[in-house]
Amino acid sequence: MPRFDHIPEHEPNLNGSGLRVGIVMSRFNIDVCEGLLSSCTTELLELGVAPDHIRIASVPGALEAPLVLQAMAQSGRYDALIALGAVIRGETYHFELVSNESGAGVTRVTLDHGIPIANGILTTEDDDQALARMSIKGKEAALAAIEMANLLKAIKA
């Protein structure tokens, strides 16, 4: 429902029918990543995205995701992209590096190419946190991707 009677507002639209979605999934921490992918694809299908309009590419780790997202964005074949992965804190500074750089890379691709990318790369303190969050984060990434694709289409119309 609009907030103001006299001001047009773009309402959230979660209809995935006709949309094309690319997913880039990291294979590092594969059990968590497969959980993210399962909940994400289930939600995309429930939102009406056709199975043949979903493409999945896997990469070794979260740092490799932005390059494949960039290639997908440049292809012009997708209305939205989704990044999935799990960066779990270890005993070294590597956690911060991977978390920060993968997040910055995803944002850069989004802004450079004007395509919505839902960032579903988990950054957690331990395996238990990652396992507890994977189902909801995968679903949330799907919802965000569809909403943002429809919003950008509405703004450009």
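Student: In which sense do S1 and strand S3 (residues 80-88) pair, and over how many bridges?

Tutor: This is a predicted model, and in it S1 and S3 pair in the parallel sense over 5 bridges. Within that pairing, Val21 stands opposite Ala80 in S3.

Student: Which other strand is joined to S1, and by how many bridges?

Tutor: Strand S2 (residues 54-59) is joined to S1 by 6 bridges, and the two run parallel. Here Ile23 is the residue that stands opposite Ile56 in S2. Between these two strands, the chain passes through helix H1 (residues 30-46), and the resulting β-α-β crossover is right-handed.

Student: How should one read the two faces of a strand, and which residues of S1 lie on each side?

Tutor: The general idea is that side chains in a regular strand alternate between the two faces of the sheet. In S1, Val21, Ile23 and Met25 are on one side, while Gly22, Val24 and Ser26 are on the other; all of them are buried, so both faces are covered.

Student: Why is S1 described as largely enclosed by the rest of the structure?

Tutor: The description holds because 6 of the 6 residues of S1 (residues 21-26) are buried. The cut-off for that term is under 20% relative accessible area.

Student: What does the same reading give for strand S4 (residues 117-124)?

Tutor: S4 is mostly covered, with 6 of its 8 residues buried. S4 is joined to S3 by 8 bridges, and these strands run parallel. Gly85 stands opposite Ile121 in S4. From S3 the chain crosses through H3 to S4, and this β-α-β crossover is right-handed.

Student: Where is Ser99 placed, and is Ser99 buried or exposed?

Tutor: Ser99 belongs to helix H3 (residues 94-113). Its relative accessibility is 15%, so Ser99 counts as buried. A polar atom of the Ser99 side chain lies 2.8 Å from the backbone oxygen of Phe95. With neighbours within four places in sequence left aside, Ser99 is in contact with Val87 and Thr123.

Student: How does one look for empty space, and how much of it lies in the largest pocket?

Tutor: In general, a probe the size of a water molecule is rolled over the atoms to show where empty space is left. In this model, the largest pocket holds about 250 Å³ of space. Its lining is made up of 16 residues, and Phe28, Ala86, Val87, His94 and Val98 lie nearest the centre of the pocket. S3 and H3 are the elements that give two or more residues to this lining.

Student: Which backbone value stands out at Asn29, and where is Asn29 found?

Tutor: Asn29 has a positive phi of about 60°, although Asn29 is not a glycine. Asn29 is found in the loop between S1 and H1. Its relative accessibility is 24%, so Asn29 counts as partly exposed.

Student: Is Gly16 buried or exposed, and which residues is Gly16 in contact with?

Tutor: Gly16, in the segment before S1, is buried, with a relative accessible area of 0%. Leaving aside neighbours within four places in sequence, the contacts of Gly16 are with Leu47, Gly48, Val49 and Ile146.

Student: How does sequence separation compare with spatial separation for Gly16 and Ser75?

Tutor: Gly16 and Ser75 are 59 residues apart along the chain, and their C-alpha atoms are separated by 20 Å.

Conventions:
Residues are numbered from 1 along each chain as its sequence is written. This is a predicted model: local features need pLDDT of at least 70, side-chain atom pairs count only at pLDDT 80 or more; totals for chains, interfaces and linings use all residues. Side-chain values use heavy atoms; hydrogens and water are left out. Helices (H or I, at least four residues) and strands (E, at least two) are DSSP runs, numbered from the N terminus. Buried means under 20% relative accessible area, exposed over 50%, partly exposed in between (1.4 Å probe, protein chains only). A polar contact is a pair of N or O atoms within 3.5 Å; within protein, one must be able to donate a hydrogen and the other to accept it, and residues adjacent in sequence count only if both atoms are side-chain atoms. Contact means heavy atoms within 4.5 Å. Two strands pair if DSSP finds at least two bridges between them. A crossover is right-handed if, with the strands pointing away from the viewer, the path from the first strand over the helix to the second runs clockwise. On a 1 Å grid over the protein atoms alone, a cavity is a set of points where a 1.4 Å probe fits but cannot get out, and a pocket is an open set with protein on both sides within 12 Å along at least five of seven lines; lining residues have an atom within 4 Å of a point. Grid points are joined across faces, edges and corners, and a volume is the space filled by probe spheres set on the points.
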